[in-house]
Amino acid sequence: MPEPEGEPAGSPPPAPHPRPPHRRGGLLDAPAVRRWCALALGALGRGREEIDAINVYPVADGDTGTNLYLTVESAAQAVEAVFAAHETGATRPALSDAVHAMAHGALIGARGNSGTILAQLLRGMAQVLTTPGDEAHAAHADGPLLARALRRAADSAYGAVAHPVEGTVLTVATAAADGADAAGAADCAVVARAAHDAALAALGETPRHLAVLARAGVVDAGGRGFVTVLHTLVEALTGEAPARPVPRPPGALVAPCPPADLAPGEAPTDSPAYEVIYLLDAEDAAVDRLRGRLDALGDSLVVVGGDGLWNVHVHVDDAGAAVEAGIEAGRPHRVRITHFGAQAAARPDAAQPPRERAPRAVVAVVPGDGLAELYAQGGATTVHARAGEPRASGELAEAIRRAHAHEVVLLPNDPELRHTAAAAAEQARGDGIRVALIPTRSAVQGIAALAVHEGGRRFDEDVVAMTSAAGATRHGEISVAERQSWTTAGICQAGDVLGLVDGDVAVIGTDLTDTARTVLDRMLSAGGEMVTLVLDDEVPEQVADLLERHVRTRHLAVDTVVYRGGRQGSPMLIGVE
C-alpha cells in the first residue's frame, strides 16, 4: 500500500523547533509561515530516506531528500531567528519579515540541485509577499495573493535553470501554480489545497515526461519533496494534513534503480564528475556572464538569488574552472565541491547485506584535514568545520548515522554548535541510536576526550571519563584580527595578533610567537602537565620549536605535543591539561 503523503517511510527525527500553536483561518501571516517551516522540516526529516531512495535524475546520487531537508532547516532557522529577535518587543514579526527570512535562509543554506531550485521557489514567493505597497504589508496575505506568489515561484524557478527539463520539480511547481489560479478568489487554505492536489497529480505524471524515471519505476524526487512542502503548507493553514497518498507508478521501487549499467550514486559516463556549489557576491551583469561561462563548462546549471547575493550550482569536470569563473564574476564563498564517484563509494551498496552496527563510535567536528586525520586515527568519524558556515543539525545527524553504531559520543568542539549538536543528537535518538553529547568547546578538548575513550567499558563510564578529560583541558587560540574592534583585552586593529584563553581575548600583540608565549604562560600559571599545540599548515616549523623550548625552560615537567591541523582557520590552537 502506498504511504500517505504526510507519513513517508523513514525514521522520523523530531523537528528541532517546537511546533507553534495553530490558529485556524484562511490567511497567511507570520506565525503561519513559522508553522509551515517547522512542519516542512519535520515532514522532510521523516521522508528523507524515501526521497533519497528514488533520486535517479539528474544524477543517481541518492541525496535529494537530504539536500531538501538541509535547505529547509536553514530556512526554518532564519525564521526562528526573526521571531527570537521580536520576543522582547511589543510587536511580532510582519509577514514580510518571515517570508524574507525564509527565502534568505533557504538561499544561503541550499544544498544540491534540488535544494537550490527550492530556494528559488521560496524566493519567488517572497518577492510577491514582500512587494512594497501590496497586500502583504498588512498582517497577512489572502488567497489571490498566495496564488500570485506560487505563480511567481514557478516562473522564477524556470528562469534560474539553464536548460529546464519537464518531468522534474519545475513541472510540479507549474502545476501547483495552475491549481492555485483555478481556485479563484478563495481563501489561502483553499488555494494551498488546490495547489497541493494539482502538484500531486503532476508528480504522478513525471515518469511520462522523463524516460529515466519510467525505467526506474519512480516519480521525480525533487517534485516529491516539493509536494511535501506544499502538503505542510496546507497543514499549517488548516491544522489538517491532506490525506491523499503520494502516487507511485506501477511497479514503483523503494530503492534507487538508475539506468542500465549505472550503479547507485554514479553519473552516466558522459556526465560531469563534480558538483560545485557556492554563494556569490556579484552584480547582475556579472552573473549573466557567469551563466554563459558555466553553461559551457558543464550541465545542471542553476543560479538563484539576486540583490547582490547568489547561489550557484553546476555539474562540471573541471571544478577549478567553475570556481575561477565565480572569482571573475565576484566573490565566491562557502564553496562546496563533491566528486560523484567518491559520494557513491561512501554510500552502502544496496546489493550487499547490511553490515552489522559497531557497539560504539565517536563523531567529532574538526577544523582542518590534519586534525581530521588525527581524530580518524583515534577511531572517530569526522565532520569538517567550515569557517563562517556552521554545520546544520541535519549534517551532524547524518554523520552520527554514518558512524553505524549502537552508541555514539558526539564532540562538537565549538561552543556555537552546542544547540545544533543537541538537536542532531535528538534526531539520531529518534533512529534508536544512543547518543551522548559532550560539550567540547575546542578541538584540543576533543583530543583530550578521545585520548581516554575506551569502547570496551560501559557507555556511561566512558562518557564520564571523556567529559572529565575535556573539562580538565583549558583551551586557547591564536588568531589574527580582521578589523578594528573592541575586545576584553582592549581595542585591536586589523592585522593584530589575538591570544584567546577559554574563548576570551586575553592578549593583543603584533608577533605570533611572542603572543603565543604570553598565552602559554597565562594558561600554565595555574599549573598543567601537558601542552597541546595544533598549528595551521602556514605556520613555520621554527615557531613550534621556539614554543616547545619556551615551555621546557620556563615550565618544568610540562610536556609539549605538536600537531599539524591543516588549513584550520586560525594559526594555532592551544590546550593545557
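Colleague: Let's start with the nonpolar core. Which residues in the largest one touch the most other members?

Modeller: The general idea is to look for buried nonpolar residues joined through their side chains. This is a predicted model, and its largest nonpolar core has 87 residues. Leu-28, Trp-36, Met-102, Leu-121 and Phe-226 are the ones touching the most other members.

Colleague: Pick one of those for me. What does Leu-121 touch, leaving out residues up to four places away in sequence?

Modeller: Leu-121 touches Ala-153, Ala-154, Ala-157, Val-169, Ala-173 and Phe-226. Phe-226 also appears in the list of residues that touch the most other core members.

Colleague: And what does the second, separate core include?

Modeller: That one has 22 residues, with Val-362, Ala-364, Val-366 and Val-534 among them.

Colleague: Let me zoom out for a moment. How many helices and strands are there in the chain, and what percentage of the residues count as buried?

Modeller: You'll find 19 helices and 18 strands. The chain has 577 residues, and 55% of them count as buried. For contacts, look at how far apart the partners sit in sequence: among those between residues at least 6 apart, 73% join residues at least 24 apart.

Colleague: Now helix packing. At roughly what angle do the axes of α1 and α3 cross?

Modeller: Start with the two axes, then ask how close they come and at what angle. Helix α1 covers residues 30–53 and helix α3 covers residues 95–109; their axes come within 7 Å and cross at roughly 25 degrees. Angles under 35 degrees count as roughly parallel, and α1 and α3 are therefore roughly parallel to each other.

Colleague: Which residues make that contact?

Modeller: From α1 you have Ala-30, Val-33, Trp-36 and Cys-37, and from α3 there are Leu-95, Ala-98, Val-99 and Met-102. By class, the residues of this contact divide into 8 nonpolar, no polar and no charged. Trp-36 and Met-102 should ring a bell: both are on the list of core residues touching the most other members.

Colleague: How do I read the sides of a single helix? Take α13: which residues are buried?

Modeller: Find the buried residues, then see how they're spread around the axis. In α13 (residues 369–377), Leu-371, Ala-372 and Tyr-375 are buried. They cover an arc of only 105 degrees around the axis, so they sit on the same side of α13. On the face turned away from that buried side are the exposed residues Asp-369, Glu-373 and Gln-377. Just after the helix, Gly-379 takes a positive phi of about 95 degrees.

Colleague: Which residues other than glycine have a positive phi?

Modeller: Two to look at are Ser-300 and Arg-334. Ser-300 has phi near 50 degrees and lies in strand β4. At 21% relative accessibility, Ser-300 counts as partly exposed. Phi of Arg-334 is likewise near 50 degrees, and this residue lies in strand β6 (residues 331–339). With 25% relative accessibility, Arg-334 also counts as partly exposed.

Colleague: While we're on backbone angles, is the peptide bond from Tyr-57 to Pro-58 cis or trans?

Modeller: Omega is what to check. Here omega is near 0 degrees, and the bond is cis. Pro-58 sits in the loop between α1 and α2 (64–85).

Colleague: Back to β4 for a second. Is Val-304 buried or exposed?

Modeller: Val-304 lies in β4, residues 298–306, and Val-304 is buried, with a relative accessible area of 1%. Leaving out residues up to four places away in sequence, Val-304 touches Leu-107, Thr-116, Gln-120, Ala-160, Leu-309, Trp-310 and Asn-311. Its C-alpha atom is also separated by 8.7 Å from that of Ser-156, 148 residues apart along the chain.

Colleague: What about a loop residue? Where is Ser-442, and what does Ser-442 touch?

Modeller: Ser-442 is in the loop between β10 (434–437) and α16 (443–451). Don't assume a loop position tells you the accessibility: Ser-442 is buried, with a relative accessible area of 7%. Its contacts, not counting residues up to four places away in sequence, are Asn-413, Asp-414 and His-475.

Colleague: One last residue: in which helix is Arg-429 found?

Modeller: Arg-429 is in α15 (residues 418–430) and is partly exposed, with a relative accessible area of 34%. The C-alpha atoms of Arg-429 and Ala-397, 32 residues apart along the chain, are separated by 9.4 Å.

Methods:
Residues are numbered from 1 along each chain as its sequence is written. This is a predicted model: local features need pLDDT of at least 70, side-chain atom pairs count only at pLDDT 80 or more; totals for chains, interfaces and linings use all residues. Side-chain values use heavy atoms; hydrogens and water are left out. Axes are lines fitted to C-alpha atoms, for helices over the stretch in contact, and angles run from 0 to 180 degrees between N-to-C directions. Helices (H or I, at least four residues) and strands (E, at least two) are DSSP runs, numbered from the N terminus. Angles under 35 degrees count as roughly parallel, over 145 as roughly antiparallel, 65 to 115 as roughly perpendicular and the rest as oblique. Contact means heavy atoms within 4.5 Å. Ala, Val, Leu, Ile, Met, Phe, Trp, Tyr, Cys and Pro count as nonpolar, Asp, Glu, Lys and Arg as charged, and the others, Gly among them, as polar. A nonpolar core is a set of buried Ala, Val, Leu, Ile, Met, Phe, Trp, Tyr and Cys residues joined through side-chain atoms within 4.5 Å. Buried means under 20% relative accessible area, exposed over 50%, partly exposed in between (1.4 Å probe, protein chains only). The arc is that of the directions from the helix axis to the C-beta atoms.
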